[in-house]
Amino acid sequence: MLSLTADNVRMQATARTKDEALLVLSEILHADGLTQLDYLQGLKDRENQSSTYLGQGIAIPHGTPKSRSSILQTGVRLVHFPDGVVWNDAGDVVYLAVVIAAQSDEHLQILQSLTRALGDDISEQIRDAKTADDIVNALVTKSSLLLQDNLIKTDSAASQIDELYLQGLTLLKSQGMITSLLMPAHQPTALSHAMHCVVLENPAVKESAMALIANAREALAVISATPSIDRAKLSWLLDALIDENLIQALQTGNRTAVHNLLGIESQADWPSESVVLMNEHGLHARPATALSDLAKLVAGEIKVAVDDGAFVSAKSLTRLLSLGAQKGQTLTFIGETNTDAVAHLPKLIAAVQAGLGENVQAARTVTNPLQVMPSQDIIAYGTKTPAVSASHGLAVGEAYTPKVERLSYPLTGQLPSEEMSKLIAAINAVKFDLKGLVASATNADIAQIFTAHIALLEDEEVVYGAKDGIDEGQSAPAAWHAFIEQLAKTQASLNNALMAERAQDLRDVGTKVMYKLLGKIPPSAPDNPYVLIKEDLVPSDVASLDPARVAGIITAVGGASSHSAIVARALGIPALVGAGQGVLSIDNGTPVLLDGGEGWFVVEPSQTLIQDCQQAQIERREQKRLALQYASEPAITTDGHQIEIAANIGNVSDTANAVANGAEGVGLLRTELVFMSHSQVPDVKTQIADYEQVFDALDGRPLVVRLLDIGGDKALPYLPMPSEENPFLGLRGVRLLLSRPEFLRDQLTALILASKGRDLRIMFPMIGRIEEWRAARAILDEVLVEHPHDKLQVGIMLEVPSAAVMADQLAREVDFFSVGTNDLTQYVLAIDRGHPLLSKDADGLHPSILRLISMTVEAAHKHGKWVGVCGELASDPKAVPILLGLGVDELSMSGSSIALTKALVRTLSFRAAQNLATRALECQTASEVRALSMDGDA
């Protein structure tokens with residue numbers, strides 16, 4: 001981060017004109033090794049676009065994005081011109097030029113720092129400065145202690161000081177006052193019988209502010225303090241907190257009295273409007289000037305906040321610049337009640353949408369100022385609204401958005417021993433229910449979810465985490481809820497995908513235990529067919545769905561390769577994801593129609609559209625019936641080219657059903673899910689029994705086995721994994737197997753013995769380097785010395801880009817490749833497939849993915865090896881013709897997709913598919929690929 005220090009100050013510079021000043025500045029940057037001499041042109045170009053005069057005798061000259069090639073090193077220099085330089089046509093005189101060489105947008109950090117300083121009049125200090133320290137001291141101002149309405153909570157349900165403290169930290173972080181919830185433990189200071197205080201002085205503190213949290217008995221002030229905090233105001237505030245009138249106002253929820261006693265101007269009732277900022281470089285000087293000028297046209301006060309941050313005056317240029325608003329963030333404007341400011345708000349919105357003098361893409365007004373909408377924000381009823389296809393099929397039903405039920409329970413308990421006994425009994429009851437669900441689960445993904453939940457409830461940290469609260473007199477429900485919520489928030493704050501998923505699971509099992517404690521039954525879904533609508537599906541949501549009642553699924557966020565979408569496909573429920581926050585406003589009971597294949601939905605569809613949909617459903621059911629009738633027939637194109645269609649399975653009992661659906665083998669046995677069905681590491685004998693079931697059901701058909709693939713987003717409850725900052729790039733797949741060779745050796749032995757000489761194809765997961773392949777193969781060779789096998793093929797699951805790039809070298813040594821398009825897409829596009837906003841863009845039909853598949857096929861065929869695809873792309877109707885045309889030899893998918901995919905292949909011409917694949921490789925985007933169509937048989 002750029003910083004303003006005395007070492008970077010240059011005093012006593014002289015220049016008669018701005019051009020001379022810019023020359024002086026460019027020479028200083030060049031002499032200090034920050035830029036080349038031609039950076040001067042970038043400084044001039046920026047000034048020609050808009051003056052960099054900031055105010056109070058300060059300018060911030062910097063180059064244009066085009067001139068960044070002239071920057072050798074990011075840096076800043078503060079140059080003092082004691083005689084002043086006229087900087088613009090308005091006659092503004094600059095005494096200090098803060099010249100910036102920034103290779104990206106680091107200058108915005110300097111800009112924010114300066115504009116905070118310009119809240120006070122420092123022009124004379126700048127003009128009359130004699131030393132470098134004078135300059136820095138003028139710019140480093142006292143940090144005002146922020147007191148504002150949205151940092152005060154008077155109705156907290158928390159019963160312990162620790163809970164109040166966590167809520168205070170959460171409020172401060174949500175407003176950008178601190179950057180982390182992971183603060184050292186602080187012992188609150190008792191200011192009075194009901195008021196406590198914690199002062200945070202920590203590198204994670206960004207702004208000085210106070211969060212005030214109160215329940216019915218006591219209150220806690222959490223104050224974040226920067227080194228430059230206004231100590232006089234802090235002293236006054238501590239005195240104000242002791243006032244009994246303030247304590248009474250907090251306990252009675254009298255916010256008006258609280259505001260008056262703390263001198264806070266309440267803006268809670270001011271009308272507001274919001275808009276997404278679409279300016280490419282954010283709210284920098286030029287658009288900010290236009291905005292402040294427009295706000296100054298009215299007498300009433302207008303304030304603005306970025307996302308859910310603090311409000312500042314929209315009339316102040318320096319305050320606007322201090323927001324540091326970036327493209328894509330939401331500006332929320334509020335106008336002073338009963339003034340002309342309220343009627344002026346739409347004009348501000350329109351001005352921002354128009355770009356404030358810059359060319360921008362159309363910006364949209366949003367309904368929720370706390371979140372930038374990822375997709376459709378306003379749903380137009382009666383017309384098709386696009387969304388991301390997650391699971392094919394048509395559905396019509398009433399909308400159902402589950403509402404969070406507010407549970408009531410006593411805060412205090414009787415004997416701690418009795419409360420703890422109640423909690424243990426409730427936990428055991430939930431575990432019993434979950435074990436029943438695991439035993440009856442027909443889908444391995446679902447069994448995996450509930451197995452993970454059982455593991456959570458067997459974790460002593462979870463089971464006994466509420467004991468402290470119970471020992472202090474809390475009831476079991478109160479202590480359990482407080483503990484689970486605090487633990488979940490801590491997990492979610494760690495900026496780690498695995499920890500965030502663990503937080504969801506914690507809340508999920510926590511709610512189950514709460515219902516058991518209170519003897520309540522969770523709310524049930526409608527009896528009629530319904531379309532489930534949620535912001536996102538946590539795994540247990542999908543796991544508890546009844547396909548007989550759930551007609552379809554729509555989520556506001558998510559992508560087609562998220563795990564929830566995968567399970568929805570496995571259950572055969574039509575699903576759409578990434579539909580935007582607007583879907584959450586659809587009233588329960590409203591008719592909704594969706595097409596999970598084409599990717600659209602309609603709210604309140606016409607009767608004609610419903611009838612068309614129902615007719616299409618009949619036709620699709622007939623297609624599926626016919627497909628199943630011929631499912632055992634091979635998948636051969638109209639011009640005689642055959643491709644093998646196999647099944648992905650995770651549960652050994654799924655094999656027979658897959659064969660009945662037309663599977664010509666198993667193209668992916670996810671053995672980590674087999675391991676999940678056991679409560680401890682299965683020994684060789686146990687594994688053999690599991691694998692024999694698969695071989696027997698296949699009756700001579702080939703079995704492709706992916707060796708144990710854990711890590712990243714998958715874990716075994718009985719195999720603790722070390723915490724990793726980025727587990728998807730950490731110890732997972734073959735890396736973990738090589739670190740635990742006994743696991744690998746036992747699994748290889750079990751597979752070979754279970755096969756009894758039948759067609760076995762073993763593949764190693766997550767191979768990224770040829771050294772990994774050779775090390776893993778060496779262990780297999782050791783096992784084969786003791787247990788020979790003459791029908792064994794050995795390959796790799798190709799899901800790491802480096803393996804695709806090295807396919808020509810690897811093909812010399814492996815027997816086959818199986819492309820895992822889910823992870824390959826994630827790694828190539830650098831998009832987490834579980835990311836709520838980005839995952840919709842993780843499309844396996846992106847040309848970059850297709851090119852890697854094409855390279856792999858070419859390399860494999862050159863050496864006489866075969867290539868399969870076992871990711872979700874394998875059953876995508878848009879992808880199948882392209883993969884066929886690229887020369888892929890095998891497609892492996894969920895059992896429910898096999899018959900329809902084979903039927904599709906039989907309608908295709910291989911020659912036309914090759915032409916289609918060639919055109920797809922020439923596309924630039926995934927949407928262009930999806931827009932392609934077959935040319936026919938010519």
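**Exercise 1. The packing of α8 and α9**

Determine in which hand α8 passes α9, and describe the angle and the spacing at which these helices pack.

Solution. Start by locating the elements, which are DSSP runs numbered from the N terminus (helices are H or I of at least four residues, strands are E of at least two): helix α8 covers residues 244-252 and helix α9 covers residues 255-262. The model is a predicted one, in which local features need pLDDT of at least 70 and side-chain atom pairs count only at pLDDT 80 or more, while totals for chains, interfaces and linings use all residues. Residues are numbered from 1 along each chain as its sequence is written, and side-chain values use heavy atoms, with hydrogens and water left out.

Next, take the angle, which is about 150°, and the distance between the axes, which is 8 Å; axes are lines fitted to C-alpha atoms, for helices over the stretch in contact, and angles run from 0 to 180 degrees between N-to-C directions. An angle over 145 degrees counts as roughly antiparallel (under 35 is roughly parallel, 65 to 115 roughly perpendicular, the rest oblique), and α8 and α9 are therefore roughly antiparallel to each other. Finally, the crossing of α8 and α9 is left-handed, a term for a near helix turned anticlockwise from the far one by less than a right angle, with clockwise giving right-handed.

**Exercise 2. The packing of α30 and α31**

Repeat the analysis for α30 and α31, and state the hand of their crossing.

Solution. Helix α30 spans residues 821-829, and helix α31 spans residues 847-862. Their axes lie 10 Å apart, and the packing angle is about 120°. That angle makes α30 oblique to α31. As the last step, read off the hand of the crossing of α30 and α31, which is right-handed.

**Exercise 3. Salt bridges that involve α13**

Find the salt-bridge partners of Glu 419 and Asp 433, and work out where each partner sits.

Solution. Begin with the rule for a salt bridge, which is a side-chain nitrogen of Lys or Arg within 4 Å of a carboxyl oxygen of Asp or Glu; a search of the whole structure finds 31 of them. Glu 419 pairs with Lys 422, where the closest N and O atoms are 3.4 Å apart. Both residues belong to helix α13 (residues 416-440), and the three residues of separation correspond to about one turn of the helix. Then compare their surroundings, using the cut-offs for relative accessible area (buried is under 20%, exposed over 50%, partly exposed in between, with a 1.4 Å probe and protein chains only): Glu 419 is buried, because its value is 4%, whereas Lys 422 is partly exposed at 43%.

Now turn to Asp 433, whose salt bridge goes to Lys 516 with the closest N and O atoms 2.8 Å apart. Asp 433 lies in helix α13 and Lys 516 in helix α18, so this pair ties together parts that are 83 residues apart in sequence. Asp 433 is partly exposed at 37% relative accessibility, and Lys 516 is partly exposed at 37%.

**Exercise 4. A pair between a strand and a helix**

Which elements hold Arg 706 and Glu 672, and are these residues buried or exposed?

Solution. The closest N and O atoms of the salt bridge between Arg 706 and Glu 672 are 2.5 Å apart. Arg 706 lies in strand β26 (residues 703-706) and Glu 672 in helix α23 (residues 671-676), so the bridge ties together parts that are 34 residues apart in sequence. Both Arg 706 and Glu 672 are buried. Elsewhere, salt bridges with shared partners join Arg 735, Arg 769, Glu 771 and Glu 772 into one network.

**Exercise 5. Residues in loops**

Contrast the positive phi angles of Leu 356 and Asp 699, and then find what lies across from Arg 16 in space.

Solution. Leu 356, although not a glycine, has a positive phi of about 55°, and its loop runs between α12 (341-354) and β15 (385-386). This leucine is buried, since its relative accessible area is 7%. Asp 699, also a residue other than glycine, has a phi near 50° and sits in the loop between α24 (684-698) and β26; at 65% relative accessibility, Asp 699 counts as exposed.

Arg 16 belongs to the loop between β1 (9-10) and α1 (18-31), and its 72% relative accessibility makes it exposed. Although Arg 16 and Val 85 are 69 residues apart in sequence, their C-alpha atoms are 6.5 Å apart in space.
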